[in-house]
Amino acid sequence: MKQTVYTASPESQQIHVWRLNSEGTLTLVQVVDVPGQVQPMVVSPDKRYLYVGVRPEFRVLAYRIAPDDGALTFAAESSLPGSPTHISTDRSGRFLFSASYNAGNVSVVRLNDGLPGEIVDVAEGLEGCHSANISPDNRTLWTPALKQDRICLFNLGDEGKLTAQEPAEVATVEGAGPRHMVFHPNQRFAYCVNELNGSVDVWQLSDAHGNIECIQTLDMMPADFSDTRWAADIHITPDGRHLYTCDRTASIITVFSVSEDGSVLAIEGFQPTETQPRGFNIDNRGQYLIAAGQKSHHISVYEIAGKQGLLTEKSRYAVGQGPMWVVVNAF
């Protein structure tokens, strides 16, 4: 398996393309100059395209991924109805979702053979919409509205239309600020990192009666932390054994173990990392975690090791200015 790491640096308007080597080092393959402040990124389900959101002219750009080394070639673009804060796709690669914090909406863009086309729907009224996360069954779009302390739930129609699910939303505690999410590989649980109170919620997707329920909330910060909480990102290993979150004020990554069934989290440790870690990601083997420092202008690669999933730094590299998004592609 070959793996490529893509890092987005909006201040210098660049994407760095790296080859991830088996020993945890990176080799620079390409630096792409992007026409705008590049922020969120996602790889298409078929691994052929990298989609990136840019501002201040709100667009999604599609780059064709070379199958030999992961290098990028511009392929197409499409306009968006708000500044892209987070982008993702459905699991079949038919639609792209763009969550906009400033516009308070989530939009659906049709993908035509992988290339972005027309906007097919826009859901409004989501104050501080911070991500769009399709459920494992490809039916429900979970959209955290940070300023409203709720996660709105939409049914995804065959033509990309969004309709309110029943229930139409689930609520966090007041002041939590739900932000980013991941799903357990067993498709029974979701995890949401809350930006403002520095916690993680565990959501049971459906109980015996079909209800969605928050079954655990866990503080992700060290006991002696007293500064402003500013959580950012969350990722889980492919085997579902380890979960990680980051906080930008403390510049740490919190390491969680996950129970065998996915229902319970436990903190295993805290890893100091790059200054103001806005984004990170995990490779497809679950061996390495790559974190980006928005204020250090570097990325670090950590080995995930042992039963606890603790992190050991393997290598560190300068990238563009203000790196804030990391994507890993296997081919």
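**Exercise 1. Decide whether Glu77 is buried, partly exposed or exposed, and describe its salt bridge.**

Solution. Glu77 has a relative accessible area of 39%, and the classes are set so that buried means under 20% relative accessible area, exposed over 50%, and partly exposed in between, with a 1.4 Å probe and protein chains only. Glu77 therefore counts as partly exposed. The model is a predicted one, in which local features need pLDDT of at least 70 and side-chain atom pairs count only at pLDDT 80 or more, while totals for chains, interfaces and linings use all residues. Residues are numbered from 1 along each chain as its sequence is written, and side-chain values use heavy atoms, with hydrogens and water left out.

The next step is the partner. Glu77 forms a salt bridge (a side-chain nitrogen of Lys or Arg within 4 Å of a carboxyl oxygen of Asp or Glu) with Arg59, and the closest N and O atoms are 3.3 Å apart. This pair links distant parts of the chain, since Glu77 lies in strand S7 (residues 72-79) and Arg59 in strand S6 (residues 59-65), 18 residues apart; strands here are DSSP runs of E with at least two residues, numbered from the N terminus. Arg59, at 9% relative accessibility, is buried.

**Exercise 2. Find which residue forms a salt bridge with Arg229, and where the two residues lie.**

Solution. The partner of Arg229 is Asp219, with the closest N and O atoms 2.7 Å apart. Arg229 sits in the loop between strand S19 (213-219) and strand S20 (231-236), whereas Asp219 belongs to strand S19, 10 residues apart from Arg229. Arg229 is partly exposed at 21% relative accessibility, and Asp219 is partly exposed at 38%.

**Exercise 3. Work out which residues are linked with Arg48 in a network of salt bridges.**

Solution. Start from the salt bridge between Arg48 and Asp46, whose closest N and O atoms are 2.8 Å apart. Then add Asp113, which is linked with Asp46 and Arg48 in a network of salt bridges. The structure holds 13 salt bridges.

**Exercise 4. State the order of the strands in the open sheet of four strands, and name its edge strands.**

Solution. The order is S24-S25-S26-S27, with antiparallel pairing, where two strands pair if DSSP finds at least two bridges between them. The edge strands, each pairing on one side only, are S24 (277-282) and S27 (310-318). Within the sheet, S25 (residues 288-293) and S26 (residues 298-305) pair over six bridges in the antiparallel sense, and the bridge partner of Ala292 in S26 is Ile299.
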